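Visitor: I would like a close look at a single part of this protein, with enough of its surroundings to make sense of the part. Please keep the explanation plain.

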Amino acid sequence: MAPSVAQEVPTQSCLRPLSQNTGLEVTKLTPRIGTEIKGVQLSELTDIQKDELALLIAERGVVVFRGQDFKDIGVEKQKVFGSYFGRLHVHPVGAHVEGAIEFHNIYLGSDNLYRAQRRSSKLTTTGYHSDVSYEHQPPGITILTLLSLPSTGGDTGWVSQVAAYERLSDPIKKLLEGLRAEHSGFPQAESARRDGKFVRREPVKSEHPIVRVHPGTGQKALFINPGFTKRIIGLKDEESDALLQLLFKHISQSQDIQVRVKWDDTTVSLWDNRVTAHTAISDYDVEDGKEGLRHGFRITTLAEKPVGVASLASVW
């Protein structure tokens, strides 16, 4: 029996080993970013299928698996699965799951409003970012599982940084390809200390190429984000601010290169931080316990030291 394929995925990431699963459904969520898969368990993938999945994530930015048993397979098996894609990252500031320091705890509810309070002076709760991009060796694939969630709301949005780069004019592309930007973990650590939160290790800064080349696909992608990118190296302050604000607006407002995913407690999303930025969408009343709470855990894997066009490498 042939698998049920709702829409075709890129031919270069053939899903033949995965598609041997009877009843597999593969759907493009948007033309440029996001693929949804049903009918296969992440916990049962072979190494060949994991390799294929890593390429699909790089090509599509984010892959959303429905109907998963991943949250129930236990910490050790979850670690093994995550470690296949790279060394597991330990968050320098955030809370971790008991007994698993590599699992970053995601929790926002009426008894934990820290994340909400940080944005209480803003017009929006959204904030696009690439996970801990200030690290010298920033993340590749992130795996997010939600254990509980509000009855409605609490979605996640992703933007394709490949498509964002491709939309730019050729003169701007050429300019950006020769520049690095500073990504800093200092504001995050300082905010945590000020609010009495635990800081696991001292913060770092890195100067990464603004245009990053993915080692698996060769695609060029913007590698900046409003969350952690602070300035462009070598430019005057006014020049850096103006260019960053242009790019941040482009990333945040280009809905035609974004995807928004609704969660349930059997959904697992995997994305490649090298080619995407993402944001939680806290659009529900986090102080109303009746609406539920958003709680999950994140497993993040480290990738290579970023390399840009003409082998422009990160420095620190």
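Guide: Two residues are in contact when heavy atoms of theirs lie within 4.5 Å. With that in hand, take V90 as the part to look at, in what is a predicted model. Leaving aside neighbours within four places in sequence, V90 is in contact with I101, E102, R200 and R201. One of these partners, R201, is 111 residues away along the chain, yet its C-alpha atom is separated from that of V90 by 9.9 Å. V90 itself is in the loop between helix 3 (75–83) and strand 4 (96–97). Its relative accessible area is 25%. Because buried means under 20% and exposed means over 50%, V90 counts as partly exposed.

Contacts between distant parts of the chain are found across the protein. Among contacts between residues at least 6 apart in sequence, 77% join residues at least 24 apart. The protein has 316 residues, and 52% of them count as buried. Its secondary structure comes to 8 helices and 16 strands. The accessible surface is about 14400 Å², and carbon and sulfur atoms hold 50% of that area.

Next comes the interior. The largest nonpolar core has 23 residues, and those with the most contacts inside it are I37, L42, L53, F65, I143 and L270. At least two residues of this core come from each of helix 2 (47–60), strand 3 (62–65), strand 5 (100–108), strand 6 (139–148), strand 14 (268–272) and strand 16 (294–302). Helix 2 gives the most, with 3 residues. For one of the core residues, I143, the contacts beyond four places in sequence include F70, F81, V268, L270, F297 and I299. A second, separate core has 22 residues, among them Y165, L179, V211 and V309.

Helix 7 (residues 186–194) shows how burial can be arranged around a helix. Its residues Q188, A189, S191 and A192 are buried. Seen down the axis of helix 7, the buried residues fall within an arc of 160 degrees, so they line one face of the helix. After helix 7 comes G196, with a positive phi near 75 degrees.

Positive phi also turns up away from glycine. Most residues other than glycine have a negative phi. V132 departs from this, with a positive phi of about 35 degrees. V132 is in the loop between helix 4 (114–118) and strand 6, and is buried, with a relative accessible area of 2%. A310 is another non-glycine residue with a positive phi, near 60 degrees. A310 belongs to the segment after strand 16 and is exposed, with a relative accessible area of 76%.

A further loop residue is S254, between helix 8 (237–253) and strand 13 (258–261). A polar atom of the S254 side chain lies 2.6 Å from the backbone oxygen of H250. The relative accessible area of S254 is 12%, which means that this residue is buried.

Last, the confidence of the prediction. The mean pLDDT of the protein is 90, and 89% of the residues reach 70 or more. Over residues 1–14, however, the pLDDT is below 50, although this stretch has 30 contacts in the model beyond near neighbours in sequence. Where pLDDT is low, the predicted coordinates should not be read in detail.

Methods:
Residues numbered from 1 in each chain as written. Predicted model: local features only at pLDDT ≥ 70, side-chain atom pairs only at ≥ 80, totals over all residues. Heavy atoms only, no water. Helix = DSSP H or I, 4+ residues; strand = E, 2+ residues; numbered from the N terminus. Buried < 20%, exposed > 50% of the residue type's maximum accessible area, 1.4 Å probe, protein only. Areas by Shrake-Rupley, 256 points an atom, 1.4 Å probe, with all protein chains shown as cover. pLDDT = per-residue confidence, 0-100. Polar contact = N/O pair within 3.5 Å; in protein donor to acceptor, adjacent residues only side chain to side chain. Core = buried A, V, L, I, M, F, W, Y, C linked by side-chain atoms within 4.5 Å. Arc of directions from axis to C-beta.
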